[in-house]
Amino acid sequence: MAADPCLLGVDIGTSSSKGVLTDPAGTVLATATRPHGVSRPRPGWVEHDPETVWWAEFVAIVRDLLAVAPAPVAAVAVSGIGPCVLPATADGRPLRAAILYGVDTRATAEIAELTDAFGADEIVRRGGNRLTSQAVGPKLRWIRRHEPEVWARTRRFFMASSFLVHRLTGEYVLDHHSASQSDPLYDLPAQAWLDDLAAQVAPGLELPRLLWPAEVAGRVTAAAADATGLPEGVPVTAGTIDAWAEATSVGATRPGDLMLMYGTTMFLTRVVPAPVVHPRMWATTGVFPGSFCVAGGTATSGAVVEWLRELTGGTDYDRLAAEAAAVPAGADGLVVLPYFAGERTPLFDEKARGVVAGLTLDHGRGHLYRAVLEGTAYAVRHHLDEMAGLLAPPERVIAVGGGARPLWTRIVSDVTGQPQLVPEQTIGAGYGDAYLAGLAAGVVDRADDWTRWAGRVEPDPATADAYRRGYPAYRELYPATRDIVHALGARG
C-alpha cells in the first residue's frame with residue numbers, strides 16, 4: 001500500500017528558518033531548523049541577505065527534509081517575515097539586501113512626506129492603516145530617494161515568501177494578506193491594489209499578481225528542481241507572512257480567535273468578520289477569502305530575553321526561568337519598558353527606548369528576568385485594552401511560538417486575566433504552511449483541524465493585586481520618560 005504523500009512547509013523567520021514535513025492528517029514526519037541573524041549596518045536599519053538567508057537556507061532545509069521523506073511531496077508552501085521590501089530587476093534578481101518589517105525604522109521622513117501628500121484620513125480610509133515603520137510604501141520611497149542607482153533598475157519587489165515562490169516557479173505573485181500590509185498600496189475594503197497611489201509612491205514598479213495564501217502560484221521549474229531536489233512540477237502556493245501562517249497552524253482563523261505569537265517580537269492577531277480600522281493597530285485581510293484581522297506587534301520581546309541572557313554570560317534559559325519563578329509577581333517593584341528597538345503598536349514610536357525602573361541593590365538576575373517577561377505581558381495587555389475599545393472580548397486566546405514556555409505564558413495570563421490555549425504542536429508557521437500546501441494539493445479539506453491541545457493556562461488570582469499595581473506603573477512610565485529617551489537617542 002502506497003504511503004500518503006508528504007506536505008512541505010518552510011518559514012523564514014527573523015532569527016531562524018524552519019521547515020516541517022507532514023502527512024495529510026497533520027502528523028509531523030520531520031523538521032529542520034537553520035539559525036541566522038540579521039544585519040544592522042546602521043542604527044535603525046535591519047536587513048536580510050536574500051541569497052544567503054532566504055534562498056540558501058530554504059534549499060538546505062528542503063534537502064534535509066527530502067532526505068528523510070517517506071513519500072513524494074505533493075505540494076510546497078512557504079511563509080516568512082513581513083512586510084519586507086526587496087527591490088529586484090524585471091527578471092527577479094535582487095538589487096540590494098532586503099529591508100525588513102517594522103523593526104527597520106529608516107523611512108521616518110518618507111512616512112511623514114507621504115502622509116502629508118495623501119492625507120492621513122484618506123490613507124486610513126482606503127488602506128485601513130496609518131503609515132508607520134511597518135509600511136512598504138515609505139521604504140520604497142526611501143530607496144528611490146537614497147539609492148537612485150538601485151531604483152533605476154528596480155521593476156519588482158519581493159517579500160521573503162514571494163521571493164521563494166518566484167525562485168521555485170518563476171511566478172511574480174503576492175498573497176492578499178501580505179499585500180494588505182503593503183501600505184499605502186492596497187485597498188483593504190476592495191482587496192485590490194491601489195494603482196493610483198502606487199504610481200505616485202513607486203513609479204515604474206510592477207505590482208505582483210494577487211492570490212490567496214492557499215492558492216497555487218505555480219509549479220517547481222526544472223532549475224528549481226535541480227537546486228532543491230524537489231520534483232519538477234510540484235505545486236507551490238502563494239504563501240504568506242509568518243504570523244498568519246502560524247495562526248493557521250493552530251486553527252486561529254475564525255472570528256473571535258486571538259493568537260499570541262511568542263517570538264523575537266510579540267505578535268497578536270485577532271480575526272474579525274469585516275474590516276475594522278483602529279488608529280493604533282493594524283487592519284489586514286486574513287488567510288482565507290472573506291476574513292479580516294486586527295493585529296499588533298511589539299518591536300521586541302524574545303529579543304530582550306536573549307539580550308539579557310547574553311548579558312549574563314549566556315545563562316541557560318531553564319536556570320533563568322527558575323530564578324524568575326522564585327521572584328514574587330511584580331518583581332519586587334521592578335518595572336521594565338521593553339522598547340529596546342523602539343515600539344510598533346500601539347505607540348508607533350521608533351524613538352522609544354528600554355527603561356528599567358525601580359532597580360535597587362537588592363534586585364538580582366531573577367528579578368530582572370521576571371521584570372522583562374512582565375514588561376512584555378504588560379505590552380500584551382496594552383494591546384488588548386486598545387482592541388477592547390472596538391471589539392468584544394476574544395472567544396479563544398491561543399499561545400504559539402518558540403517562546404510559549406510555562407513561565408512566560410503564565411505571566412501573560414496573570415497580567416491580562418485571559419486564559420490561553422497551548423497547542424501540542426509548537427513548530428509554528430512551517431506547520432501552518434504544510435496545512436496550506438495540503439489545501440492546494442487537494443489532500444486536506446478546509447474543515448480539517450490539525451490542532452491538538454497540550455493544555456490551558458489559567459490566570460492565578462493570587463497575582464492579581466501585584467499586577468493591578470504594576471500595570472498602571474508600566475503605562476505611566478512611557479509618557480513620563482518619552483521626552484528624556486528621545487533626547488538621549490538624538491544625542492546617541
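**Entry 1: a cis proline.** I opened with P184, which sits in the loop between α7 (176–180) and β10 (186–187). I checked the peptide bond leading into P184 from D183 and found it cis, with omega near 0°. A reminder to myself before going on: this is a predicted model.

**Entry 2: another cis bond.** I then looked at G82 and P83, and the bond from G82 to P83 is cis too, its omega near 0°. P83 belongs to the loop that runs between β5 (73–80) and β6 (86–88). I noted both bonds because most peptide bonds are trans.

**Entry 3: positive phi.** Next I turned to backbone angles, since most residues other than glycine have a negative phi. A331 goes the other way, with phi near 50°. D332 is not a glycine either, and its phi is positive at about 50°. Where do I find A331? A331 lies in the loop between α12 (317–325) and β20 (335–337). D332 is in the loop between α12 and β20 as well.

Then I asked myself: is A331 buried or exposed? A331 has 0% relative accessibility, so I logged it as buried, the cut-off for that being under 20%. D332 comes out at 46%, so I put it down as partly exposed.

**Entry 4: around R153.** I moved to R153, in the loop between α5 (148–151) and β8 (156–158). Its relative accessibility is 47%, so R153 counts as partly exposed. Which residues does R153 touch, leaving aside its neighbours within four places in sequence? I listed A88, T89, R93 and L95 as its contacts. I also took the C-alpha distance from R153 to G204: the two are 51 residues apart along the chain, and I got 9.8 Å.

**Entry 5: the domains on record.** I looked up UniProt, where the entry is unreviewed, and found "domain: Carbohydrate kinase FGGY N-terminal" given for residues 7–244. In the model, that span is 35% helix and 24% strand, and its end C-alpha atoms lie 18 Å apart. The unreviewed UniProt entry also lists "domain: Carbohydrate kinase FGGY C-terminal" for residues 259–441. I worked through residues 259–441 in the model and got 37% helix and 20% strand, with 26 Å between the end C-alpha atoms.

**Entry 6: the whole chain.** I stepped back and counted secondary structure: 16 helices and 24 strands in the protein chain. The radius of gyration is 22 Å, close to the 23 Å that the globule rule gives for 492 residues, so the chain is as compact as a globular protein of that length. Along the principal axes, the C-alpha atoms fill a box of roughly 65 × 60 × 45 Å.

How many of the 492 residues count as buried, as a percentage? I have 60% in my notes. For contacts between residues at least 6 apart in sequence, I found that 72% join residues at least 24 apart.

**Entry 7: surface and charge.** I closed with the outside of the chain, which exposes about 18300 Å². Carbon and sulfur atoms supply 52% of that area. For charges, I have 43 positive and 55 negative, and their mean positions are 4 Å apart.

Key
Residues numbered from 1 in each chain as written. Predicted model: local features only at pLDDT ≥ 70, side-chain atom pairs only at ≥ 80, totals over all residues. Heavy atoms only, no water. Helix = DSSP H or I, 4+ residues; strand = E, 2+ residues; numbered from the N terminus. Rg over C-alpha atoms; globule rule 2.2 N^0.38 Å. Buried < 20%, exposed > 50% of the residue type's maximum accessible area, 1.4 Å probe, protein only. Contact = heavy atoms within 4.5 Å. Areas by Shrake-Rupley, 256 points an atom, 1.4 Å probe, with all protein chains shown as cover. Lys, Arg positive; Asp, Glu negative; His and termini not counted. Charge placed at Lys NZ, Arg CZ, Asp CG, Glu CD. UniProt positions renumbered as here; feature names shortened; annotations may be inferred.
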